[in-house]
Amino acid sequence: MATKPVANVKPNVHRAWWKECTVYQVYPASFKDSNNDGIGDIPGIISELDYIKKLGVDIVWLCPAYKSPQVDMGYDIADYYSIAPEYGTVEDVERLIEGCHERGMKQLMDLVVNHTSDQHEWFKQSRSSKVNPYRNWYIWKPPKYDEQGNRHPPNNWISHFQGSAWEYDEHTGEYYLHLYAKEQPDLNWEHEPVRKAVHDIMRFWLDKGADGFRMDVINFISKDQRFLDAPTKDPSQRWQWADLYYANGPRLHEYLQDLGKILKEYDAFSVGEMPFVRDLNEVLRAVRYDRNEINMIFHFEHVDIDHGEFDKFVPGKWKLTDLKGMLESWQRFMYDNDGWNALYWENHDQPRSIDRYTNAGPEHGAVAGKMLASTLALMSGTPFIYQGQELGMRNVPKEWGMEEYKDIDCLNHWNDHLVKDANNPALLQMYREEYQKKSRDNARTPVQWSSAPNAGFTGPNVKPWMSVNPNYITVNAEAEVADPTSVFNYWASVLKLRKKYLDIFVYGNFCSIDRDSEEVFAYTRQYADQKALVVCNFTDSSLQWDPVANGIDRVTDVLLNNYENTETAFTKVAGKQWILRPYEAMSDTKILPNLKEAASSPTTKSQRRNNPDLESPEMIPRMDSTATEATTTTTTTPYQPIDSSISSSITSTITTEPIPPHLDPSTYPRSIHLPNDNIHLLLTYSPLDPSAILSEVNSPSAGANVLFLGTTRDTFEDRAVAQLSYTSYAPLALRTLATIAEDAVSKYKLTGISIAHRLGVVPIQEASIAIAVSSGHRRAAWRAGEEVLELCKEKVEIWKQEEFVEGDAEWRANRDRDADGKLVVRDVSTFSDGV
């Protein structure tokens with residue numbers, strides 16, 4: 001993955017709702033128990049949807065809750081159309097979907113279709129006879145025999161859960177393939193009825209209202225049909241890793257294209273789990289925007305970082321530069337090639353991130369959890385948060401004995417080595433230490449809701465299916481939701497920041513800085529003339545960081561800090577050396593206008609004093625060593641929209657003087673979405689869609705919806721108008737719109753507000769501005785809509801040129817006319833700059 005300089009804005013930014021979302025993963029057995037049987041359930045999830053919504057996420061992913069023998073905690077499915085009784089019913093899932101939708105969230109199901117349970121009716125039929133119609137639904141092969149007549153599996157493939165990947169069936173005299181537990185036989189996707197059955201399953205849940213799927217090991221569904229022996233990489237083992245033959249097979253994209261057609265039909269979300277991804281072109285074929293397969297993938301490079309070469313339960317060594325290099329490579333690769341990243345530290349298969357990626361003790365646990373939140377969620381991609389991660393939950397205690405562990409992968413590994421290495425206590429102790437660091441059980445302890453017995457997960461006199469981490473006394477949701485400085489509320493702040501600066505943190509480029517540091521992870525995100533800097537100390541010690549040495553001239557704002565408020569933090573980044581405390585994370589920003597255009601825009605002296613960016617040409621950080629300082633120049637020629645009537649001399653000028661990013665239509669649309677307040681803001685060069693804008697503010701609690709459209713009329717003061725043209729300094733305009741919208745929501749108790757303004761040429765009868773508001777009562781909606789319109793005309797950094805049929809034109813600010821179209825006369829003495 002060689003890197004190259006990244007443009008500030010790609011020629012085509014492919015925006016999508018799922019890119020702007022954050023996903024919260026729920027593992028049902030461990031989330032919340034509603035009926036005191038010691039096992040979490042769907043009604044328990046429904047009871048905490050307000051908690052999930054408060055975090056600021058947009059999508060709730062439900063791990064498998066289907067009917068299952070629970071050999072692999074639900075990833076061994078016996079019926080895709082039924083729900084495990086310990087979790088609830090199909091009707092409960094319908095209520096969960098409805099509850100998510102009522103709160104403005106979407107809901108994902110888990111699609112596990114590489115394998116089923118051996119208790120699925122399909123497999124029961126398949127193993128009953130070689131001539132059964134379901135025989136080809138699974139992968140069956142005859143035995144091999146050696147010279148002595150001993151029976152052997154068809155090849156040397158190893159199972160992910162230890163031992164051979166083949167299980168012999170006495171009844172039919174053949175082996176079936178199981179890449180995971182022997183109770184999880186692999187489906188045969190070469191058989192067309194299998195694919196049709198999967199399509200039917202998808203439609204069933206999408207028709208129930210589900211909004212998409214997480215797809216379990218989806219790149220295993222196509223396998224090399226030769227089923228060759230895997231190369232021997234670990235001579236000490238009989239069974240070998242064969243991902244070369246069962247991952248990313250020859251028909252994978254054919255199968256994914258079929259799934260993608262269904263997903264596109266429902267405008268559904270998709271994320272594919274794809275282990276053993278090595279060919280990046282294969283990744284792009286799956287996730288590039290124009291491929292219509294899946295939206296994004298989970299890759300495994302950064303979560304395999306501490307694994308041994310052949311065994312994850314063997315110690316692995318890594319450095320921070322290794323982690324940074326992996327993440328930067330994926331960031332740059334996806335940005336450059338129109339792909340998309342799924343961002344995650346944790347899930348149901350991974351240990352807790354604070355323990356994996358930091359050395360934080362209890363005294364630094366919270367601040368380290370916050371630091372990891374900043375590092376992850378402000379990168380390019382869709383963030384995924386696993387239950388409890390938002391609280392800073394930790395790995396299981398080191399003191400726990402093996403009787404506390406439940407994970408089949410871990411227990412199979414332990415039982416195998418108890419036999420093979422019974423006389424090697426040091427080796428067994430090493431494995432015990434590695435289980436505490438890497439076992440999937442670390443993610444599966446019950447969510448810590450309160451300091452009550454059993455952490456409030458289940459009743460006080462109930463034995464939960466898995467023991468609760470004893471640190472629940474201090475690490476729990478009840479305490480953290482109430483504490484504005486908690487990990488929970490910091491996560492909420494990070495997600496809100498991501499939405500507020502959507503262009504930067506969702507659609508901006510990524511550039512790593514201070515790459516060689518083994519202590520600091522720092523990077524910038526930039527979209528057009530908007531840039532943000534993220535600096536994270538990954539150590540448990542204070543250190544000095546030199547911003548100038550890393551190309552940082554100055555910052556204008558601290559957006560977020562995991563130790564203190566932004567005002568206090570800002571005072572500490574003014575010097576030549578920044579002191580970073582243990583696990584400190586800072587997110588800083590600087591808006592970078594084009595100085596020529598800024599000088600020509602009608603700003604007052606007071607505006608310039610309040611916006612130092614308009615007078616500060618430094619770019620931070622410099623993208624490379626050849627960057628030059630900008631020089632301040634002025635021009636008296638206002639920006640004019642480009643059309644076919646522009647003379648060749650002006651065209652030449654434009655060719656030699658590129659349009660500034662904030663005036664370049666290819667950098668639009670630009671938007672801000674604040675889901676907690678149902679606020680939606682848009683600047684675009686495209687025609688406005690009133691229906692879509694009105695639908696954004698819909699709410700079950702709204703009794704009134706008001707839509708205003710401001711359109712171009714054909715005359716102005718008895719002069720024939722040809723068209724209107726609008727220009728804006730988008731970073732400031734969006735910031736001002738956000739303030740107006742937030743104030744209106746607070747003042748009028750609105751349930752939603754959407755403001756969209758069209759830029760560029762707006763022909764006669766077409767809309768230049770659309771404002772939609774919703775509230776519980778019509779009076780508030782009417783008044784809010786009118787007030788927001790007048791404030792937009794008065795305050796927002798958008799300027800209008802009226803172009804007349806006679807050929808001349810006049811520039812004016814929106815605020816020059818009142819609601820009746822009358823000229824507003826101002827006392828010039830009230831203007832601080834005297835104009």
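Is Gln 801 buried or exposed? With a relative accessibility of 7%, Gln 801 counts as buried. The structure discussed here is a predicted model, and the sections below place this residue and several others in their surroundings.

## Overall composition

The secondary structure of the chain comprises 24 helices and 32 strands. The chain has 835 residues, and buried residues make up 59% of them. Its exposed surface comes to about 34,200 Å², of which carbon and sulfur atoms supply 49%.

Contacts between distant parts of the sequence are prominent in the count: among contacts with a separation of 6 or more, 72% involve residues 24 or more positions apart.

## Nonpolar cores

In soluble globular proteins, nonpolar side chains tend to be buried together. The largest nonpolar core of this chain holds 160 residues, and the members that touch the most others are Ile 52, Trp 205 and Phe 384. Beyond its neighbours within four places in sequence, Ile 52 is in contact with Tyr 24, Val 26, Phe 31, Val 57, Val 60 and Met 105. Another core, of 39 residues, lies apart from this one; its members include Ile 679, Ile 771, Val 788 and Cys 792.

## The eight-stranded parallel sheet

An open sheet of eight strands, with parallel pairing, follows the order 13-12-11-5-2-1-15-14. Strand 13 (296–298) and strand 14 (342–343) stand at its edges; each has a single partner strand, so one side of each is left without a neighbour in the sheet.

Within this sheet, strand 2 (residues 59–62) and strand 5 (residues 106–111) run parallel and are joined by three bridges. Ile 59 has Lys 106 as its bridge partner in strand 5.

## Helix 8 and its cover

Helix 8 (residues 252–265) consists of 14 residues. From its first C-alpha to its last it reaches 20 Å, close to the 20 Å expected at 1.5 Å a residue. Just after helix 8, Asp 267 adopts a positive phi of about 50°.

The buried residues of this helix are Leu 252, His 253, Tyr 255, Leu 256, Leu 259, Gly 260, Ile 262 and Leu 263. An α-helix has 3.6 residues a turn, so residues three or four places apart point the same way. The elements that cover the buried residues of helix 8 include helix 6 (192–207), strand 11 (212–215), strand 12 (269–273) and helix 9 (280–287). Strands 11 and 12 also appear in the order of the eight-stranded sheet.

## Strand 10 and its antiparallel partners

Strand 10 (residues 174–177) is covered on both faces. Glu 174 and Tyr 176 on one side are buried, as are Tyr 175 and Leu 177 on the other.

Strand 10 pairs in the antiparallel sense with strand 6 (residues 140–141) over two bridges, and Tyr 175 is the bridge partner of Lys 141. Strand 9 (residues 166–169) also runs antiparallel to strand 10, with four bridges joining them; here Trp 166 has Leu 177 as its bridge partner. Strands 9 and 10 form a hairpin with four residues between them, and Gly 173 in the turn has a positive phi of about 70°.

## Leu 681 and helix 23

Leu 681 lies in strand 24 (residues 679–684). Its relative accessible area is 1%, so Leu 681 is buried. Leaving out residues up to four places away in sequence, Leu 681 touches Arg 670, Ser 671, Ile 672, Leu 734, Leu 737, Ala 738, Ala 741 and Ile 755. Leu 681 and Ala 738 are 57 residues apart in sequence, with 7.3 Å between their C-alpha atoms.

Helix 23 (residues 730–748) has 19 residues and reaches 26 Å from its first C-alpha to its last, close to the 27 Å expected at 1.5 Å a residue. Just after helix 23, Lys 749 takes a positive phi of about 55°.

## Annotated binding-site positions

An unreviewed UniProt entry lists His 777, Arg 778, Lys 793, Lys 800, Gln 801 and Glu 802 under "binding site". Of these, Lys 800 is found in strand 31 (residues 798–804), and Gln 801 is likewise found in strand 31.

Lys 800 has a relative accessibility of 12% and therefore counts as buried. Gln 801, at 7%, also counts as buried. The cut-off for that term is under 20% relative accessible area.

Terms used:
Residues numbered from 1 in each chain as written. Predicted model: local features only at pLDDT ≥ 70, side-chain atom pairs only at ≥ 80, totals over all residues. Heavy atoms only, no water. Buried < 20%, exposed > 50% of the residue type's maximum accessible area, 1.4 Å probe, protein only. Contact = heavy atoms within 4.5 Å. Areas by Shrake-Rupley, 256 points an atom, 1.4 Å probe, with all protein chains shown as cover. Core = buried A, V, L, I, M, F, W, Y, C linked by side-chain atoms within 4.5 Å. Pairing = 2+ DSSP bridges. UniProt positions renumbered as here; feature names shortened; annotations may be inferred. Expected span 1.5 Å × (residues − 1).
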